[in-house]
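Notebook open, coffee at hand. I want to go through this chain from its overall layout down to a single side chain.

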Amino acid sequence: MSLRSVRGMTTILAVDRDDTVDVNPPADREAVPLAWLRAFDDGDAVEVWAIGNQRLRYEAGVPGVPELLAELGVSRVRSRILAGMMRIEWHLHGYPGLRTMFAATAPRVDSGMMPTRDERLRLLTDLRDGAAAYVVVDDVDRSHVDGWTHYYPWEFVEAVRDGTVVFDVDVGADGWSGDIRRFRRPTQR
């Protein structure tokens, strides 16, 4: 995936999947529509990355951890091992019993190989140094990661709808349409 820009600047939007996107929404709150992620990524002003469950890579057609590591120059062998780990994670996601058995036999299988979500954000900052803004949408607070603006999924949906977060994209695919211009960083809290 190449860096797309508007006047040389792109917003990096890092998104978790589970309890964040409408393919696996939170039980009691609004989730980010998958159609929005596709629309954002198709535009020139936003580059969407999957930072959590890597199923989102396939569902939204966006890059994830293997692509991040490959672009950073991690060896092909390690990227293939990581891709295999993602496949195992993907297959075990819906089967808690199997996931428990797998964890018992290999409790730290991704230790040292799989960057944590915070590390993934830092790596994205390194990879896309000089982006217009860095936005993370996750059901877990990521506001402590330097340089990133964190939104919970329901806050992000509200911010897009009320114009606090603005991109140059029409997200009418889910029935809502609005003028979504380039991201503006909100004032600090």
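For reading the layout, I take helices (H or I, at least four residues) and strands (E, at least two) as DSSP runs, numbered from the N terminus. With that settled, I read the pattern along the sequence as β-α-β-α-α-α-α-α-β-β-α. I should jot down that this is a predicted model.

**Entry 1: whole chain.** I looked up the element count and got seven helices and four strands. The chain has 189 residues, and buried ones make up 43% of them. Next I checked contacts with a separation of 6 or more: residues 24 or more positions apart account for 58% of these. For the accessible surface I have about 9800 Å², with 50% of that belonging to carbon and sulfur atoms.

**Entry 2: cores.** Which residues touch the most other members of the largest nonpolar core? I noted L13, L37, F40, V48, L56 and F156, out of 23 residues in that core. Then I asked where the members come from: β1, α1, β2 (46-50), α2 (55-60), β3 and α7 each supply at least two residues. There is also a second, separate core of 13 residues, and I found I12, A14, I51 and L127 among them. General reminder to myself: in soluble globular proteins, nonpolar side chains tend to be buried together.

**Entry 3: helix α7.** F156 turned up in the core list, so to speak my cue to open α7, which spans residues 153-162. Its buried residues are P153, F156, V157, A159 and V160. Looking down the helix axis, I see these residues fall within an arc of 165°, so they line one face of α7. What do they pack against? I listed β1 (11-15), α1 (34-42), β3 (133-137) and β4 (149-151). After the helix comes G163, and its phi is positive, near 90°.

**Entry 4: H150.** β4 was on that packing list, and H150 lies in this strand. Is H150 buried or exposed? Buried means under 20% relative accessible area, and H150 counts as buried because its relative accessibility is 7%. I then looked for polar partners of its side chain. A polar atom there lies 3.0 Å from the backbone oxygen of D138. The H150 side chain also reaches the backbone oxygen of V140, at 3.1 Å. My closing note on this residue: a buried histidine with its side chain at the backbone oxygens of D138 and V140.

Methods
Residues are numbered from 1 along each chain as its sequence is written. This is a predicted model: local features need pLDDT of at least 70, side-chain atom pairs count only at pLDDT 80 or more; totals for chains, interfaces and linings use all residues. Side-chain values use heavy atoms; hydrogens and water are left out. Buried means under 20% relative accessible area, exposed over 50%, partly exposed in between (1.4 Å probe, protein chains only). The arc is that of the directions from the helix axis to the C-beta atoms. Contact means heavy atoms within 4.5 Å. A nonpolar core is a set of buried Ala, Val, Leu, Ile, Met, Phe, Trp, Tyr and Cys residues joined through side-chain atoms within 4.5 Å. Accessible areas come from the Shrake-Rupley method with a 1.4 Å probe; for residues, only the protein chains shown count as cover. A polar contact is a pair of N or O atoms within 3.5 Å; within protein, one must be able to donate a hydrogen and the other to accept it, and residues adjacent in sequence count only if both atoms are side-chain atoms.
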